[in-house]
Amino acid sequence: MLYLVPHLVTQRSARLWLCARGLDQAQLDSVSLRVNGIDVPVPAAAWQRFPSAKAAGWQPVGAMPLHYQFIDKDGLMPDRPHQASANLNGDRAAQASFLTLPEQLGDETRPLRVLLSSCYFTGNKRSRLASSLFSQLDRNGIRPHVRIWAGDQVYLDAPWYEFAIKAHSAAELERLHSATYARTWFDEQGLGTILSKGANVFCTDDHEWWNNAPEPSGLARDTRKRKTREAWSAMARELASAFQGDTGTVRRFRVPPLDFLVLDARVHRSECCERLFSDDQWKQLRAWATEPQGLGVLVTGQPAFETTSRRRGSFSDYRLADYEYEYAALMELLGRATRSTTLLTGDLHFSRVAWSMFPASATTGSVERRVTELISSPLALVAGGDLLSSFGGWTAAPKKASVPARHPFNGASMHTDDSLRSLAEGTMLLEVYRRGQRVFCMVSHWRLSDLDAARPFFRKEYLLGIAP
């Protein structure tokens, strides 16, 4: 079978994930692709395999043999709907649709729509309601320009009792992990009917590996031995790259004045709370953070408005703040930036809106700056989710970040809007627009239980900042 999923889409280009499952090598030559009825080359040499021929860290058994490639289509028109189809021997086998981004951010009648989701567990029977909710939004004319998946799109370490109690060989891990991705990406009861209908931007987090990866976990017995931990890590990285793309490479796109940066804080994370990001990620992050114009939008797999975990056991997930040196450097970039920043994230099994305000100054600019953090989690709660949650319930952002005393972020307190205290499964629709130089976001929290409702559970406007 063929599968077609739009990944990052800009004003004039789209990256399409083309996947062939159950086809042998000879059949790949008969696969063709069309966008808006126009043929797009499918390079024969660009096909990649899972598992790859050079799989490192384990001996593959071919539990889910498939071929895939990412195809970039240029020359598109901005702010337009587009149709794509993949064909096998001339017969249409897979279809996808997407909207290209507008050239500029519009007013409230023409907002940029972003759907923010994280934490999706197919073992939860309610997970199948997600496709119904997304379809309902489309039918109501609320089709997003882009869906941001902020981590834990799969739970390779769930259900917890499978991995906390049992030990597995590398071959068994490959079968289990491949089955998890297949249920999520291919099944109609997973995300199979969702991913093809719109642009998708992915950022992974620990459950694309295991709880608190890359540290050994008490909830994943196989990670306590180095040999099986390295095998698990290798196949998890290869699966994530095959389905979600190389999230360890920074992705940046713009809808002026918005400047998006997708920064995966899990792929290059090291043990012992030393490194969060690679050198190249830091280079890209610094260049983005020092831009003087616009309004920055940073996508991460974990919130930045948090304290250290204060737990060093093998059952917790270390937070960004536990990586003290690099966390302080990240927060310094945000605190010294001359423009406002919005953080989009998930992970915590609740939804929250919080912000910090920095007064105008000679060093940071002539206007007040804001750093706003929006958390959307979970889309479908994992079994044992209360055990895996860092907090076990909804928690306000801390008043101060866990940074040194003379840190620039200590010049601002964090504020939380208590009117959104949601532990419910669902997604967050962000409609971003401008009035003059001010940029606003209408935040709507749609719960899975809102399927029969005509309006979301929560809806409120927030000022994100001023973008001259």
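Which residue just after α1 takes a positive phi? In this predicted model, where residues are numbered from 1 along each chain as its sequence is written, local features need pLDDT of at least 70, side-chain atom pairs count only at pLDDT 80 or more, and totals for chains, interfaces and linings use all residues. Side-chain values use heavy atoms, with hydrogens and water left out. The residue in question is G141, whose phi is about 75 degrees. Helices (H or I, at least four residues) and strands (E, at least two) are DSSP runs, numbered from the N terminus.

Helix α1 covers residues 129–139, and its buried residues are A130, S131, L133, F134, Q136 and L137. Here buried means under 20% relative accessible area, exposed means over 50%, and partly exposed lies in between, with a 1.4 Å probe and protein chains only. The buried residues of α1 pack against four strands, namely β9 (112–117), β10 (146–149), β19 (426–435) and β20 (438–447), where contact means heavy atoms within 4.5 Å. An α-helix has 3.6 residues a turn, so residues three or four places apart point the same way.

Two of the strands that pack against α1, β9 and β19, are also joined by a salt bridge between E431 and R113, with the closest N and O atoms 3.0 Å apart. A salt bridge is defined as a side-chain nitrogen of Lys or Arg within 4 Å of a carboxyl oxygen of Asp or Glu. Because E431 lies in strand β19 and R113 in strand β9, the pair ties together parts that are 318 residues apart in sequence. Both E431 and R113 are buried.

A search of the whole structure finds 27 salt bridges. One of them is formed by R12 and E103, whose closest N and O atoms are 2.7 Å apart. R12 lies in the loop between β1 (2–9) and β2 (14–21), and E103 in the loop between β8 (91–99) and β9, so this pair ties together parts that are 91 residues apart in sequence. R12 is partly exposed, with a relative accessible area of 43%, and E103 is partly exposed as well, at 42%. A further salt bridge is formed by R15 and D72, the closest N and O atoms being 2.8 Å apart. This pair links distant parts of the chain, since R15 is in strand β2 and D72 in strand β6 (residues 66–73), 57 residues apart. R15 counts as partly exposed at 35% relative accessibility, and D72 is partly exposed with a relative accessible area of 44%. In addition, R252, R254, D259, E291 and R339 are linked in a network of salt bridges.

Helix α5 (residues 279–289) and helix α6 (residues 324–336) pack at an angle of about 25 degrees, with their axes 10 Å apart. That angle makes α5 roughly parallel to α6. Axes are lines fitted to C-alpha atoms, for helices over the stretch in contact, and angles run from 0 to 180 degrees between N-to-C directions; angles under 35 degrees count as roughly parallel, over 145 as roughly antiparallel, 65 to 115 as roughly perpendicular and the rest as oblique. On the α5 side W282, L285, R286 and A289 take part, and these meet E326, A329, L330 and L333 in α6.

Three buried residues illustrate contacts elsewhere in the chain. T341, in strand β15 (residues 341–345), counts as buried at 2% relative accessibility. Leaving aside neighbours within four places in sequence, T341 is in contact with W288, G296, L334, R370, V371 and T372. A150 is found in the loop between β10 and α2 and is buried, with a relative accessible area of 1%. Not counting residues up to four places away in sequence, A150 touches L116, S117, S118, C203, T300, G301, T345 and G346. The C-alpha atoms of A150 and L116, which are 34 residues apart along the chain, are separated by 7.1 Å. L99, in strand β8, is buried with a relative accessible area of 16%, and touches V9, R80, P81, R143, P144 and H145 when residues up to four places away in sequence are not counted.
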